[in-house]
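Got the viewer open? Let's walk through this one stop by stop, selecting as we go.

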Amino acid sequence: EKFEAELCQAANEQLVVEMVYDGDKSKGCDARNIDVHIVARGKNGLYMRGYQNKGCAKKNDRPSMRTFRFDKIKSVELVEGSFSAISLEKKAEGWDGCLGSNCFIDEMLCQ
């Protein structure tokens, strides 16, 4: 799928990506900076989970863990930077493929 190679490289090598997600441009948002932790196959396609350091968010613009659907990713670019200490801590915690009680991930592709 589109962006799988770049996002898996970022996850495997702990690289930062600059990403534009669905609706970001129409909201006047800057691109998001994401530390990519996991690329996974789910019930409705591919997903990326990582620590968002900056960029658009529904409720706030503070750094936090986020999950993104591949079909809503508009662009991805590897940028200079490395994972922050908090991002590394979050990655070490792992992920069970669930958001709350919604468990939708079938297979982790890279991390």
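Start by selecting strands E2 (residues 32–42) and E3 (residues 45–54). In this predicted model, the two run antiparallel and are joined by nine bridges. Follow the chain from E2 into E3 and you'll go round a hairpin, with two residues making the connection. For a landmark on this pairing, click Arg-41: across from it in E3 stands Leu-46.

Keep Arg-41 selected and look towards E8 (residues 105–110). There, Arg-41 stands opposite Glu-107. E2 and E8 are also antiparallel, with four bridges between them.

Next, add E1 (residues 15–21) to your selection. E1 pairs with E2, again in the antiparallel sense, and the pairing has four bridges. To find your way along it, pick Glu-18 and Asn-33, which stand opposite each other, Asn-33 being the one in E2.

Now colour E2 by accessibility. How many of the eleven residues of E2 are buried? Ten are, so the strand is largely enclosed by the rest of the structure.

Time for the sulfurs. Show the cysteine side chains and look for two disulfides.

Zoom in on Cys-8 and Cys-110 to see one of them, with the sulfur atoms 2.0 Å apart. Is this link left-handed or right-handed? The angle about the S-S bond is -85 degrees, and the link is left-handed. Zoom out a little to see what is being connected: Cys-8 belongs to helix H1 (residues 4–13) and Cys-110 to strand E8, so the disulfide ties together parts that are 102 residues apart in sequence. That's the E8 you just saw pairing with E2. Are the two ends buried or exposed? Cys-8 has a relative accessible area of 12%, which makes it buried, and Cys-110 is buried too, at 8%. The cut-off for buried is under 20%.

Last stop: select Cys-98 and Cys-103. Their sulfur atoms are 1.9 Å apart, and the pair forms a disulfide. Check the torsion about this S-S bond: it is about 100 degrees, so this disulfide is right-handed. Turn on the surface and compare the two ends. Cys-98 is buried, with 12% relative accessibility, whereas Cys-103 comes out at 43% and counts as partly exposed.

Definitions and conventions
Residues numbered from 1 in each chain as written. Predicted model: local features only at pLDDT ≥ 70, side-chain atom pairs only at ≥ 80, totals over all residues. Heavy atoms only, no water. Disulfide = S-S within 2.5 Å. Buried < 20%, exposed > 50% of the residue type's maximum accessible area, 1.4 Å probe, protein only. Pairing = 2+ DSSP bridges.
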